[in-house]
Amino acid sequence: CFSNGANTLLFTHANTMGYRIDGAQVVFSGAPPAPTCPGPADGAFSACYFNNMTLDAAGLALTRTDAAINSNWALGSPDPSVNVDNFSALWQGNFAFNAGDYAFTMTVDDGGRLSIDGALVIDKWINQAATTYTVTRAMTAGTHLVKMEYYESGGEATARLSWAPAASAILTDLNGDGVSNVADVQLGVNQALGVVACASGDVDRSGACNVIDVQKIVNAALGY
């Protein structure tokens with residue numbers, strides 16, 4: 001029987017001539033290393049779930065990669081290894097953004113915190129029914145770290161996070177015609193989707209390249 005700490009195992013072998021040969025000693029030292037929460041994933045979230053409400057590493061029960069944070073566990077939990085109540089979670093991911101204002105929306109039951117590039121932008125670390133919070137953040141073009149912390153005290157459990165270009169970013173005079181209208185809205189959508197306006201010209205063959213052609217190009221990009 002082995003205990004924590006150093007244990008010595010001695011192998012002894014006797015050959016057919018009756019001579020005894022002592023083998024090497026093998027030393028087992030200490031307990032296996034405790035699991036750790038990995039760093040942020042790229043284009044997804046590294047997810048760490050704890051069997052406590054404080055994100056204490058001693059209670060780490062599960063690590064995995066979550067493509068999104070969009071869960072309503074109701075009266076359940078993220079996994080059989082995680083408590084139904086009194087658990088917490090940490091999600092971290094590096095995501096690519098275009099330059100502009102983005103609206104980040106977090107829904108939690110119970111508590112949640114959202115940080116962008118290490119800056120805390122939503123702090124609602126409280127017991128509450130499912131509540132939605134939105135914050136607008138100016139983002140530069142490139143990769144940004146998104147981190148969400150969450151805890152569940154009891155009852156229903158919900159954790160959701162999403163983001164999209166803010167309305168203020170879309171409803172600006174993007175085409176420089178002096179007014180902010182549906183054409184600018186469409187251009188904002190195009191930028192988010194990476195679609196070039198009227199790249200294929202007069203798609204509906206109406207004699208002009210206009211917002212209808214742009215919409216058809218977007219539909220084609222989305223598979224409609």
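Phenylalanine 104 is buried in this predicted model, with a relative accessible area of 0%. Its ring is paired with that of tryptophan 163: the two centres are 5.7 Å apart and the planes meet at 40 degrees, so the pair is classed as tilted. This pairing joins distant parts of the chain, since phenylalanine 104 belongs to strand E8 and tryptophan 163 to strand E13, 59 residues apart. Tryptophan 163 counts as partly exposed because its relative accessibility, 26%, falls between the 20% limit for buried residues and the 50% limit for exposed ones.

Tryptophan 163 has a further aromatic partner in phenylalanine 95. Here the arrangement is edge-to-face, with 5.0 Å from centre to centre and 70 degrees between the planes. Once again distant parts of the chain are linked, as phenylalanine 95 lies in strand E7 and tryptophan 163 in strand E13, 68 residues apart. Phenylalanine 95 has a relative accessibility of 11% and therefore counts as buried, the limit being 20%. Both pairs fit into a wider picture: ring pairs connect Phe45, Phe95, Phe97, Tyr102, Phe104 and Trp163 into a cluster. Over the whole structure, the search returns 13 aromatic pairs.

Attention now turns to the nonpolar interior. In soluble globular proteins, nonpolar side chains tend to be buried together. The largest nonpolar core in this model holds 28 residues, and the members touching the most others are Trp91, Leu114, Met148 and Tyr150. Two or more residues each are supplied by strands E4 (45-50), E7 (87-97), E8 (100-109), E9 (111-116), E11 (131-139), E12 (142-152) and E13 (157-165). Strand E7 makes the largest contribution, with five residues.

The surroundings of tryptophan 91 are worth following on the structure. Beyond its neighbours within four places in sequence, this residue is in contact with Phe45, Ser46, Ala47 and Tyr49, with Asp66, Ile69 and Trp73, and with Val146, Lys147, Met148, Tyr150 and Ala159. Met148 and Tyr150 thus appear both among these contacts and among the core members that touch the most others. Apart from the largest core lies another one, made up of five residues that include Phe50, Leu55, Leu60 and Leu90.

Finally, an aromatic ring also meets a charge in this model. The charged end of arginine 113 is placed over the ring of tryptophan 125, at 3.8 Å from the ring centre.

Terms used. Residues are numbered from 1 along each chain as its sequence is written. This is a predicted model: local features need pLDDT of at least 70, side-chain atom pairs count only at pLDDT 80 or more; totals for chains, interfaces and linings use all residues. Side-chain values use heavy atoms; hydrogens and water are left out. A nonpolar core is a set of buried Ala, Val, Leu, Ile, Met, Phe, Trp, Tyr and Cys residues joined through side-chain atoms within 4.5 Å. Buried means under 20% relative accessible area, exposed over 50%, partly exposed in between (1.4 Å probe, protein chains only). Helices (H or I, at least four residues) and strands (E, at least two) are DSSP runs, numbered from the N terminus. Contact means heavy atoms within 4.5 Å. Rings of Phe, Tyr and Trp (its six-membered ring) pair if their centres lie within 6.5 Å; planes under 30 degrees apart count as stacked, over 60 as edge-to-face and the rest as tilted. A charge sits over a ring if NZ of Lys or CZ of Arg is within 6 Å of the ring centre and within 35 degrees of the ring normal.
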